[in-house]
Amino acid sequence: LAERAVHLTNINDQGMVVGRITVRGKRQAYLFIPGEGEQVLRPLPGDVSCEAMDVNNHGTVVGWSDDPPGPEGGTQAFLWRKGEQMPLPLPAEAVHSSALTITDDERVGGWLYWQESPEDLGQNCSFLLRLDSQAEERAKH
């Protein structure tokens, strides 16, 4: 696939491959599309690293994007479709998140750290989200 070390995480029936590579010491999401070649997906704005975890048979990719190291911030789940990358539309109480899998009917599974208020200690939980066009439009803005 590539003349570099690629950590592959998934492949769909059309031969699209996702995973991560290391660029200047930072993880970057990797995507290979047959007939088009490889792409390196950039982290979400303000983040420094990312990883693509899964791709469905429609070519929708999910993964996570991460802030710079330090005491603040954390991972954020993302969605990539047809060249456009955006945060996964999750509730505002989701402080950290990661999208790990996506089905062909666009159900996304992953984990998140949920905190209802700054005083709340929060909790980790799994999620299953069905994407819809309205949620995606909200995530773009």
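These legends walk through several close-up views of one predicted model.

Residue numbers start from 1 in each chain and follow its sequence as written. Because this is a predicted model, local features need pLDDT of at least 70 and side-chain atom pairs count only at pLDDT 80 or more, while totals for chains, interfaces and linings use all residues; side-chain values rest on heavy atoms, with hydrogens and water left out.

**View 1. A salt bridge links Glu51 to Arg27.** Let's start with the charged pairs: the structure holds 4 salt bridges. The term stands for a side-chain nitrogen of Lys or Arg within 4 Å of a carboxyl oxygen of Asp or Glu. In the pair shown here, the closest N and O atoms of Glu51 and Arg27 are 3.4 Å apart. Glu51 belongs to strand β5 (residues 49-55) and Arg27 to strand β3 (residues 26-33), so their contact ties together parts that are 24 residues apart in sequence. Strands, like helices, are DSSP runs numbered from the N terminus, with at least two residues (E) for a strand and at least four (H or I) for a helix. Glu51 is buried at a relative accessible area of 5%, whereas Arg27 is partly exposed at 36%. Here, buried means under 20% relative accessible area, exposed means over 50%, and partly exposed is in between, using a 1.4 Å probe and protein chains only.

**View 2. Arg81 and Glu106 meet in a salt bridge.** The N to O distance in this pair is 2.3 Å. Arg81 sits in strand β7 (residues 75-81) and Glu106 in the loop between β9 (94-102) and β10 (107-114), so the bridge ties together parts that are 25 residues apart in sequence. Both partners are buried: Arg81 has a relative accessible area of 17%, and Glu106 has 15%. Glu106 is also worth a look for its backbone, since its phi is near 65 degrees, a positive value in a residue other than glycine. As background, most residues other than glycine have a negative phi.

**View 3. Arg107 pairs with Asp105, and another set of charged residues forms a network.** The side chains of Arg107 and Asp105 come together in a salt bridge of 3.3 Å, N to O. Arg107 is partly exposed at 33%, and Asp105 is partly exposed at 36%. Elsewhere, salt bridges with shared partners join Arg20, Arg27 and Glu51 into one network.

**View 4. An open sheet runs in the order β1-β2-β3-β4.** Its 4 strands pair in the antiparallel sense; two strands count as paired if DSSP finds at least two bridges between them. At the edges stand β1 (7-11) and β4 (37-41), each pairing on one side only. From one strand to the next, the twist averages 30 degrees, with axes fitted as lines to C-alpha atoms (for helices, over the stretch in contact) and angles between N-to-C directions running from 0 to 180 degrees. Zoom in on β3 and β4 to find 5 bridges joining these antiparallel strands. Ala29 has Leu41 in β4 as its bridge partner. In the loop between β2 (17-23) and β3 you will find Arg24, whose phi is near 50 degrees and thus positive in a residue other than glycine. Arg24 is exposed, with 78% relative accessibility.

**View 5. A second open sheet is built from β9, β10 and β11.** The 3 strands follow the order β9-β10-β11, with antiparallel pairing. β9 and β11 (123-130) are the edge strands with a single partner each, so one side of each has no neighbour in the sheet. Neighbouring strands are turned by 25 degrees against each other on average, direction ignored. β9 and β10 pair over 7 bridges, and Ala94 has Trp114 in β10 as its bridge partner. These two strands form a hairpin with 4 residues between them. On the other side of the view, 8 bridges connect β10 with β11, and Gly109 stands opposite Leu128 in β11.

**View 6. The largest pocket is lined by 13 residues.** Gln76, Leu88, Ala94, Val95 and Ser97 lie nearest its centre. The elements that each give two or more residues to the lining are β7 and β9.

Technical notes:
On a 1 Å grid over the protein atoms alone, a cavity is a set of points where a 1.4 Å probe fits but cannot get out, and a pocket is an open set with protein on both sides within 12 Å along at least five of seven lines; lining residues have an atom within 4 Å of a point.
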